[in-house]
Amino acid sequence: MKALRVENLTYSYAANEKPVLADLSFSLNQGDALGVIGLNGSGKTTLSFCLCGIIPHYLRGTMKGSVYINGKDTRTTPLHQLTLEIGIVLQDPNIQLLMPTVEDDLAFGLENQNMPPQMIGETIDRICDLTGINDLRKENPNHLSGGEKQLVALSTVLAMNPSIIIFDESLSMLDDRAAEKILAIMQKLKETNTTMVIIDHTGKSRSIYDHAFVLKEGMIVNRGSTEEIVQAYFSSEV
Ligand SMILES: Nc1ncnc2c1ncn2[C@@H]1O[C@H](COP(=O)(O)OP(=O)(O)OP(=O)(O)O)[C@@H](O)[C@H]1O
Ligand SMILES: [Mg+2]
């Protein structure tokens with residue numbers, strides 16, 4: 001069974017009939033890392049919403065075709081079931097952080113999974129060490145910098161330990177040291193067979209990809225050797 005399977009996916013937002021994604025098809029095996037690259041507005045975030053079930057469950061619009069997460073059809077599987085299998089680090093961390101403190105945000109998903117309190121505490125300790133956010137634990141997420149918010153949003157997803165993770169520009173606001181830390185975490189996730197979809201205009205995560213494609217106006221315009229695609233894109237930015 002494929003970890004992710006996308007079949008003839010077409011999507012248009014309610015506000016505009018023109019499709020933002022046009023007839024996309026691809027699949028990933030468990031443990032694959034896919035790089036999705038493309039210019040601003042090419043449809044990367046919209047694709048990420050389709051891959052995790054936010055579309056069609058939260059956003060109105062017209063979705064044609066199908067997305068399967070570990071064999072489950074996103075259209076017919078409730079979102080709370082999909083979130084057990086797939087996590088997404090949103091491009092805008094403000095949407096992801098809703099609780100009064102960082103610790104509360106980290107605990108939120110684990111409590112919903114009915115994890116025992118002691119285990120929640122241990123998980124939060126481990127994740128904060130991993131991502132280097134120990135000194136932010138008592139802070140209000142609203143008061144953090146963009147990069148700090150990104151690290152916390154990423155930590156909330158890692159805490160849930162999903163088998164598939166989507167990173168939407170998760171390195172975009174990080175300094176070199178934090179980015180190195182997150183890249184090392186991605187590498188480790190790969191070694192433990194986590195499936196990853198990585199959207200990253202910085203190009204820093206390119207060595208992690210097993211597969212890559214370029215999105216242009218919602219279409220896959222370039223397939224082939226990962227190295228060639230990444231090299232061609234980041235040297236010309238076409
Ligand atoms: N909520 C929305 N309603 C209508 N159109 C939208 C909405 N969100 C995005 N779009 C349009 O969909 C297209 C793709 O947007 P998307 O956010 O998926 O691009 P992206 O590749 O993630 O861009 P970026 O690199 O800037 O993050 C854009 O033309 C955008 O204007
Ligand atoms: Mg985007």
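In this predicted model, T123, I124, I127, C128, L130 and T131 of helix α6 meet L151, L154, S155, L158 and A159 of helix α7. Helix α7 also packs with helix α5. Two open sheets are present: one has 4 strands, and the other has 6 strands. Ligand 1 has 13 residues around it.

**Helix α6 against helix α7**

- Helix α6 covers residues 117-131. The axes of α6 and α7 come within 10 Å of each other.
- The two helices cross at roughly 135 degrees. Angles from 115 to 145 degrees fall outside the parallel, antiparallel and perpendicular classes, so α6 is oblique to α7.
- The crossing of α6 and α7 is right-handed.
- By class, the α6–α7 contact holds 8 nonpolar residues, 3 polar residues and no charged residues.

**Helix α5 against helix α7**

- Helix α5 spans residues 102-112, and helix α7 spans residues 146-160. Their axes lie 9 Å apart, and the packing angle is about 30 degrees.
- Angles under 35 degrees count as roughly parallel, so α5 is roughly parallel to α7.
- The crossing of α5 past α7 is right-handed.
- On the α5 side, the contact uses V102, D105, L106, G109 and L110. On the α7 side, V152, S155, T156, A159 and M160 take part.
- This contact of α5 with α7 has 6 nonpolar residues, 3 polar residues and 1 charged residue.
- S155 and A159 of α7 serve in the contact with α5. S155 and A159 also meet α6.

**The four-stranded sheet**

- The strand order is β2-β1-β4-β5, and the pairing is antiparallel.
- β2 (21-28) and β5 (72-73) are the edge strands, each pairing on one side only.
- Strands β1 and β2 are antiparallel and share 5 bridges. L9 has L24 in β2 as its bridge partner.
- Strands β1 and β4 are antiparallel and share 8 bridges. R5 has Y68 in β4 as its bridge partner.
- Strand β4 covers residues 61-69 and is joined to β5 by 2 bridges, again in the antiparallel sense. I69 stands opposite K72 of β5.
- Helix α1 packs on this sheet and touches β1 (4-13), β2 and β4. The direction of α1 makes about 125 degrees with that of β1.
- In a regular strand, side chains alternate between the two faces of the sheet.

**The six-stranded sheet**

- The order here is β6-β7-β8-β3-β9-β10, and the pairing is mixed.
- The edge strands are β6 (86-89) and β10 (219-222), and each pairs on one side only.
- From one strand to the next, the twist averages 25 degrees.
- Strand β7 covers residues 164-168 and pairs with β6 in the parallel sense over 4 bridges. I86 stands opposite I164 of β7.
- Helix α9 (residues 226-236) packs on this sheet. The strands that α9 touches are β3 (33-37), β9 (211-216) and β10.
- The direction of α9 makes about 40 degrees with that of β9.

**Around ligand 1**

- Y13, N40, K44, T45 and T46 come nearest to ligand 1, out of 13 residues around the ligand.
- Helix α1 (residues 44-52) gives the most to this shell, with 3 residues.
- The shell residues divide into 3 nonpolar, 9 polar and 1 charged.
- Helix α1 thus has two places in this briefing: α1 contributes to the ligand 1 shell, and α1 packs on the four-stranded sheet.

**Backbone points to check on screen**

- The peptide bond from I55 to P56 is cis, with omega near 10 degrees. P56 lies in helix α2, which covers residues 54-57.
- D23 has phi near 55 degrees, a positive value in a residue other than glycine. D23 sits in strand β2, an edge strand of the four-stranded sheet.

Terms used:
Residues are numbered from 1 along each chain as its sequence is written. Chains are lettered from A and ligands numbered from 1 in the order in which they are written. This is a predicted model: local features need pLDDT of at least 70, side-chain atom pairs count only at pLDDT 80 or more; totals for chains, interfaces and linings use all residues. A residue is near a molecule or strand if its C-beta atom, placed from the backbone, lies within 6 Å of it. Ala, Val, Leu, Ile, Met, Phe, Trp, Tyr, Cys and Pro count as nonpolar, Asp, Glu, Lys and Arg as charged, and the others, Gly among them, as polar. Axes are lines fitted to C-alpha atoms, for helices over the stretch in contact, and angles run from 0 to 180 degrees between N-to-C directions. Angles under 35 degrees count as roughly parallel, over 145 as roughly antiparallel, 65 to 115 as roughly perpendicular and the rest as oblique. A crossing is left-handed if the near helix is turned anticlockwise from the far one by less than a right angle, and right-handed if clockwise. Two residues are in contact if their C-beta atoms, placed from the backbone, lie within 7 Å. Two strands pair if DSSP finds at least two bridges between them.
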